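User: I've got a model open and I'd like to talk through how its helices pack and where the empty space is. Can you take me through the reasoning behind the labels?

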Amino acid sequence: MEKEFTMKLNGEIDRLTNKTFKFDQRLKEGWFSAVYFLKTKEIAEKMKPDNEVVMQFFQKDEAVLCGTDETIALIHTFADKPEELEIHSLKDGDKISPFETVLTIKGPYQSFGYLEGVIDGILARRTSVATNVYNVVKAGRTSGKQKPIIFMGDRDDHYTQQAGDGYAAFIGGSTAQATHAMNEWWGKTGMGTMPHALIQLFEGDIVKVAKAYHEIYPEDDLTVLIDYNNDVITDALKVAREFGETLKCVRLDTSGNMVDKYFLRNAHLLGKFDPRGVNPELIFALRKALDNEGYQHVKIMASGGFTEEKIRMFEKRNVPVDLYGVGRSLLDINIGFTGDNVILNGKPESKAGRSYQPNPRLEKVIYQK
């Protein structure tokens, strides 16, 4: 079956629906809503049945918005008489400003109000991840050439978050991701080569590992992880000499508390910089060693503890990294959304300081059953 995301790209549908998101049906029962929203829904039904409110949502940073399709699908799936609600929204991928209204919902409070906290949470997580990835991708072109960012956040959060996080990462600009689940909503498959566990099975013999990998996956571009023995230059040259043009990339993922053996052999270099982990001097030396033996075609991928700031520093120094693998720092949930009721029965009525903030960029949402 054709992915909804492909249909959206082709203009066949305007937004993704619950066919993509597959919501937990307990949302309808209020299982994931704060109890005070459920109590308010019951009071409104019994004592204010004819109310009509406008609820608006905003956040407080420069950000890349994500989660609007998911939010609208949520409302269309679980609100009472969703076809009668009036929704205006920005779109996933829109750049947004502090306090800018990104979404408004108009209708009886009891129809949708209990979903307020769930909506805040969707927008917060998706926008945080999309913005983090966008900033890292932007850092990856500081040197003037865009370096691909591979989203490797599978081990940094609960597995149930992977599909949504992967979609948000795609919206932020990462088109290569570690698991199939991360690609589920936008229709691709995961990518990856080898973990340290595979090298351990071959007792640290990097050439035997590469041969085994290439035999089983001959169609893959051969990428070899080279930090298992904490001697990245030695191991990179071993596989390069064995495979020549077939070797496409080496990846180093040196632990931040380790000093590569290259520096132990060249102690005169120490004392001028922090030699731990994946550092610029190690990559400069690796690139030089590969080039000196004619392996200029072999790319270098760096991973392990990379953040926007670290990538920006590498790029400003023109460190010869071709790809970055980033995980934990992309999942920091640092953007929070707020939903406020700002109009009641056609008249301004809101908490002090939270008045209606119209936004001409909002687009009217067409109901999709």
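Analyst: Sure. Keep in mind that this is a predicted model. Let's begin with H4 and H6, whose axes come within 9 Å and cross at roughly 160°.

User: What makes H4 roughly antiparallel to H6?

Analyst: The angle does. Anything over 145 degrees counts as roughly antiparallel, and this pair crosses at roughly 160°, so H4 is roughly antiparallel to H6. The crossing of these two helices is right-handed.

User: Which residues meet there, in H4 and in H6?

Analyst: On the H4 side you have Thr68, Glu70, Thr71, Leu74 and Ile75, and they meet Val118, Ile119, Ile122, Leu123 and Arg126 of H6. Sorted by class, that contact has six nonpolar, two polar and two charged residues.

User: Now H6 and H7. Why are they called oblique to each other?

Analyst: Their axes cross at roughly 40° and come within 7 Å. Roughly parallel would need an angle under 35 degrees, and roughly perpendicular starts at 65. The value of roughly 40° fits neither range, and H6 and H7 are therefore oblique to each other. This crossing is right-handed.

User: What makes the contact between H6 and H7?

Analyst: From H6 come Arg125, Arg126, Val129, Ala130, Val133, Tyr134 and Val137, while H7 brings Gly164, Asp165, Ala168, Ala169, Ile171 and Gly172. Eight of the residues in this contact are nonpolar, two are polar and three are charged. The glycines go in the polar group here, since Gly counts as polar in this scheme.

User: And H9 with H10: why is that pair oblique?

Analyst: H9 (residues 206-216) and H10 (residues 232-243) pack at an angle of about 45°, with their axes 9 Å apart. Since the oblique label takes what is left outside the parallel, perpendicular and antiparallel ranges, that angle makes H9 oblique to H10. H9 passes H10 in a right-handed crossing. The contact is made by Ile206, Val207, Ala210, Lys211 and His214 of H9, with Asp235, Lys238, Val239, Glu242 and Phe243 on the H10 side. By class, there are five nonpolar, one polar and four charged residues.

User: On to the empty space. How do you know where any is left?

Analyst: A probe the size of a water molecule is rolled over the atoms, and that shows where empty space remains.

User: How many cavities of 30 Å³ or more does that give?

Analyst: The count comes to one. The largest cavity has a volume of about 40 Å³, which puts it over the 30 Å³ cut-off. Its lining is made of Phe151, Gly153, Asp154, Asp157, His158, Gln161, Gln162, Asp165 and Met182.

User: What classes of residue line the largest cavity?

Analyst: Two nonpolar, four polar and three charged. The charged ones are the aspartates, because Asp counts as charged, and Asp154, Asp157 and Asp165 are in the lining.

User: What about the largest pocket: how much space lies in it?

Analyst: About 920 Å³. It is lined by 34 residues, and Ile150, Met152, Gly192, Arg251 and Met301 lie nearest its centre. Strands S9 (247-252), S10 (299-303) and S11 (323-326) are the elements that give two or more residues to the lining. That lining divides into twelve nonpolar, twelve polar and ten charged residues.

User: And which residues are closest to the centre of the second largest pocket?

Analyst: Glu70, Arg126, Thr160, Gln161 and Trp185, out of 23 lining residues. This pocket holds about 560 Å³ of space. Helices H2 (18-21), H4 (68-78), H6 (116-139) and H7 (162-172) each supply at least two residues of the lining, with H6 giving the most, at five. By class, the lining has eleven nonpolar, six polar and six charged residues.

Notes:
Residues numbered from 1 in each chain as written. Predicted model: local features only at pLDDT ≥ 70, side-chain atom pairs only at ≥ 80, totals over all residues. Heavy atoms only, no water. Axes fitted to C-alpha atoms, helices over the stretch in contact; angles between N-to-C directions. Helix = DSSP H or I, 4+ residues; strand = E, 2+ residues; numbered from the N terminus. Parallel < 35°, antiparallel > 145°, perpendicular 65-115°, else oblique. Left-handed = near helix turned anticlockwise from the far one by under 90°. Contact = heavy atoms within 4.5 Å. 1 Å grid on protein atoms, 1.4 Å probe; cavity = no way out; pocket = protein on both sides within 12 Å on 5 of 7 lines; lining within 4 Å. Points joined across faces, edges and corners; volume = space filled by probe spheres on them.
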